[in-house]
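Here is a walk through one protein model, written for someone who would rather look at side chains than read method notes. Keep the structure open while you read.

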Amino acid sequence: ASALKKALPASTAVDVAALLNQAAEQAERCEQLQTAARDAWRTHRADLEQLFATLLPHFNGTTYPKKDEEGVFDGWMAAMAAWSEGADAPAKIRAFSQSGIRLKKGANVPTHPALAALDDWLAADGEAVPAAAQIKPLLLRHALGHARLALNAEKQRRAELGFDDLLQRLDAALQAEGGEALAARIRAQFPVAMIDEFQDTDPLQ
């Protein structure tokens, strides 16, 4: 529980609707940009494949491993074509974007609108991932608040107390008026206590 609290933001004021709207807008923008990039690649597929075939001898071997082996380049182009038709993005898609092309020293990277469109989508997608990661803990804190209220209501309905309830109520009583007298009575009744697994206790305990 303590690890979860450390992972969550300190503020409990969460505008869930605003967060979800923000996430939805980012997702819609990414989808629009990917659609535009797919359309551009599909429209110019023949030109792009010819362009990359011309660049093949100049490909950086680190970015394009096994580039000279039979079928490898054709496989890359087939994967890009499949993506333009709606398939998932291939692992090496960034290597065929305007800013992702890596050539040997001295070779010039050509420009093309379809490659620029691919750049735009990848940039937006890269921004959306960390944004989603920031939203997740805020939504989790919001959900925890509702879960805690629901749990308390259910325990009241059943007239039940959990272990944490006993601890919290005792702590509240010790901090309230008459707390010193209560502490003295507990010490008199239980002069010795044996605590197992002390390293796992929390401050409240």
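## A greasy patch and a pocket

Leu170, Leu174, Ile186 and Phe190 come together as a nonpolar patch on the surface, and their accessible area adds up to about 330 Å². Bear in mind that this is a predicted model. Leucine 174 sits in helix 6, which covers residues 163-175. With a relative accessible area of 31%, leucine 174 is partly exposed. Patch members need over 30% relative accessible area, so leucine 174, at 31%, meets that cut-off.

Leu170 and Leu174 belong to the patch, and both also turn up in the lining of the second largest pocket. The other residues lining that pocket are Phe163, Leu167, Asp171, Ile195, Phe198, Thr201, Leu204 and Gln205. By class, the lining has seven nonpolar, two polar and one charged residues. The space in this second largest pocket comes to about 290 Å³. As for how such space is found, rolling a probe the size of a water molecule over the atoms shows where empty space is left.

## Salt bridges within helices

Side chains of opposite charge can pair when their charged atoms come close. How many salt bridges does a search of the whole structure find? The search turns up six. The table gives some of them.

| Pair | Closest N to O distance |
|---|---|
| Arginine 42 and aspartate 39 | 2.5 Å |
| Arginine 45 and glutamate 49 | 2.9 Å |
| Arginine 158 and glutamate 154 | 2.8 Å |

Take arginine 42 and aspartate 39: they are three residues apart in helix 2 (residues 16-43), so about one helical turn separates them. Both are partly exposed, arginine 42 with a relative accessible area of 36% and aspartate 39 with 33%.

Arginine 45 and glutamate 49 are four residues apart in helix 3, about one turn of the helix. Arginine 45 is partly exposed at 38% relative accessible area, and glutamate 49 also counts as partly exposed, at 23%.

What separates arginine 158 from glutamate 154? The two are four residues apart in helix 5, so the gap is about one helical turn. Glutamate 154 is partly exposed, with a relative accessible area of 30%. There is a bit extra here: Glu154, Arg157 and Arg158 are joined into one network by salt bridges that share partners.

## Two loop residues with positive phi

Most residues other than glycine have a negative phi. Lysine 66 goes the other way, with a positive phi of about 60° although it is not a glycine. You'll find lysine 66 in the loop between helix 3 (45-55) and helix 4 (72-84). Is lysine 66 buried or exposed? Its relative accessible area is 58%, so lysine 66 is exposed.

Alanine 159 is not a glycine either, and its phi is positive too, at about 55°. Alanine 159 lies in the loop between helix 5 (113-158) and helix 6. With a relative accessible area of 70%, alanine 159 is exposed.

## A contact across the sequence

One last stop is glutamate 127, which has its place in helix 5. Glutamate 127 is exposed, with a relative accessible area of 53%. In sequence, glutamate 127 and glutamine 26 are 101 residues apart, yet in space they are 8.8 Å apart, C-alpha to C-alpha.

Methods. Residues numbered from 1 in each chain as written. Predicted model: local features only at pLDDT ≥ 70, side-chain atom pairs only at ≥ 80, totals over all residues. Heavy atoms only, no water. Patch = residues over 30% accessible without salt bridge, like charges linked within 9 Å, V, L, I, M, F, W, Y side chains within 5 Å. Areas by Shrake-Rupley, 256 points an atom, 1.4 Å probe, with all protein chains shown as cover. Salt bridge = Lys/Arg side-chain N within 4 Å of Asp/Glu carboxyl O. Buried < 20%, exposed > 50% of the residue type's maximum accessible area, 1.4 Å probe, protein only. 1 Å grid on protein atoms, 1.4 Å probe; cavity = no way out; pocket = protein on both sides within 12 Å on 5 of 7 lines; lining within 4 Å. Points joined across faces, edges and corners; volume = space filled by probe spheres on them. Nonpolar A, V, L, I, M, F, W, Y, C, P; charged D, E, K, R; others polar.
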